[in-house]
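The exercises below are meant to be worked through with the sequence and the coordinates open side by side. Each begins with a task and continues with a solution in steps.

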Amino acid sequence: MPDSSCYTLITGAASGIGRATAIRLSATRKLVLHDRDGQGLKETRRLCASPEGHQLWEFDLLEIDKLSQALAAFLVEKSLFVDSLVHCAGIVTILPVKAVTYRNVQEIMTVNFTSAVEIVSMLLKRKPNGGNLRNIVFISSIWSKFGARGHTLYSASKGALDAFMKGLAVELAPTVRVNSLVLGAVKTRMAEQALADPEIAARYRRDYLLGLGQPDYVADAVEFLLSDRARWITGQQIVVDGGRTVDMSLK
Amino acid sequence: MDEFYTKLAEILEVDEVREDSQLESFPAWDSLGVLAAIAMIDSSYGVNLTSTELTGVKTVGEFARLVESRRKA
């Protein structure tokens, strides 16, 4: 018997925010866990509630021209529909802008932004997703709204994602709600390199009024946005940053 | 390694660098400058270095030799 009930697709689910979100949602939803890291995916599934109820989709988002087809084939093969998407997959490139190459641009835009376009576009198609998409959450960043040295590409990629989110919210209402979570620094493997620098770690402790973020805090916000309790919220950049961007105190 | 010296000079915002130039003496050799240099040797020479591996490197010449040795390895 093909299982035709609806799943939540989480990209970048092998680590960090994606993994924490998967573990949280696994108690109440059936999940498609996506990542390019197959080992990490298996570990995430092992940590989930009722592991056997979730599907793994291993795919490298950099293979962008094959993404649409691969996702369609996966849905057909597993006979499942996706009603919710959480796009957590993302990379960080820190470079002074004069050192930026077209390859850098292409890579970060592909993973952080273009892949979201391709996935949403495919999930909206009647074949194979049956018009089931209802909810989208993008993981964005406060670097989408503000600048930082060396972060031009990261800011641009998250800015593109947020602008896409707003357009989608309008185009897809009232059927699909679309929001993004604008996050401050969260303790993940991706942030480890920055946090290894004692100077940066000290500055973070000072700048984050509520302390550094944990992946769990993000999972809470994702769970809320996907739920009916957020039924009147769409097209929003919800800032979840421990107070990092509100503090205008003279230092 | 003339090409390496030219590319490094560009990153360090100077006309030229010498083998015995101290990296720390260039104002542009800050955290972003280091990242730019790491990206340059990756894309130009296929050599992957971390910023930690560069902490012991004091001169332009030492840097060039490190890159050269990694290319052969």
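Two strands pair if DSSP finds at least two bridges between them, and the elements themselves are DSSP runs, helices being H or I over at least four residues and strands E over at least two, numbered from the N terminus. This is a predicted model, in which local features need pLDDT of at least 70 and side-chain atom pairs count only at pLDDT 80 or more, while totals for chains, interfaces and linings use all residues. Residues are numbered from 1 along each chain as its sequence is written, and chains are lettered from A and ligands numbered from 1 in the order in which they are written.

**Exercise 1. The strand β5(A)**

Task: Determine which residues are the bridge partners of Val137(A) in β4(A) and in β6(A), and establish how many of the residues of β5(A) are buried.

Solution. Begin with the pairing on one side: strand β4 (residues 81-87) of chain A is joined to β5(A) by four bridges, and the two run parallel; here Val86(A) has Val137(A) as its bridge partner. Next, take the pairing with β6(A), where seven bridges join the strands, again in parallel, and where the bridge partner of Val137(A) is Asn179(A).

For burial, count C-beta atoms placed from the backbone: a residue is buried if 20 or more others lie within 10 Å of its own, exposed if 12 or fewer, and partly exposed in between. By this count seven of the seven residues of β5(A) are buried, so the strand is largely enclosed by the rest of the structure. In a regular strand the side chains alternate between the two faces of the sheet. Accordingly, the residues can be sorted by side: Asn135(A), Val137(A), Ile139(A) and Ser141(A) are buried on one, and Ile136(A), Phe138(A) and Ser140(A) are buried on the other.

**Exercise 2. The helix α6(A)**

Task: Compare the expected span of α6(A) with the distance between its end C-alpha atoms, and then find where its buried residues lie around the axis.

Solution. The expected span of a helix is 1.5 Å times one less than its number of residues. For the 21 residues of α6(A), residues 152-172, this gives 30 Å, and the end C-alpha atoms are 30 Å apart, which agrees.

Now list the buried positions, which are Leu153(A), Tyr154(A), Ser157(A), Lys158(A), Leu161(A), Met165(A) and Leu168(A). Viewed down the axis, these buried residues fall within an arc of 125° (taken over the directions from the helix axis to the C-beta atoms), so they line one face of the helix. On the other side of α6(A), Gly167(A) and Val170(A) are exposed.

To find what the buried face packs against, use contacts, defined by C-beta atoms, placed from the backbone, that lie within 7 Å. The packing partners are α4 (102-123), β5 (135-141) and β6 (177-183) of chain A.

**Exercise 3. Backbone geometry**

Task: Identify which peptide bonds leading to Pro128(A) and Pro174(A) are cis or trans, and locate Ser50(A) and Glu13(B).

Solution. Most residues other than glycine have a negative phi, and most peptide bonds are trans. The bond from Lys127(A) to Pro128(A) is cis, with omega near 15°, and Pro128(A) belongs to helix α5 (residues 126-129) of chain A. The bond between Ala173(A) and Pro174(A) is also cis, with omega about 0°; Pro174(A) sits in the loop between α6 and β6 of chain A.

Turning to phi, Ser50(A), which is not a glycine, has a positive value of about 35°, and its place is in the loop between α2 (38-47) and β3 (55-58) of chain A. With 11 other C-beta atoms within 10 Å, Ser50(A) is exposed. Glu13(B) has a positive phi near 60° and lies in the loop between α1 (2-11) and α2 (31-45) of chain B; with 12 other C-beta atoms within 10 Å, Glu13(B) is exposed.

**Exercise 4. The fold of chain B**

Task: State how many helices and strands chain B has, and how its radius of gyration stands against the globule rule.

Solution. Chain B has four helices and zero strands, in the order α-α-α-α along the sequence. The radius of gyration is taken over C-alpha atoms, and the globule rule is 2.2 Å times the number of residues to the power 0.38. For chain B the radius is 11 Å, close to the 11 Å that the rule gives for 73 residues, so the chain is as compact as a globular protein of that length. Of these 73 residues, 21% count as buried.

Terms used. Two residues are in contact if their C-beta atoms, placed from the backbone, lie within 7 Å.
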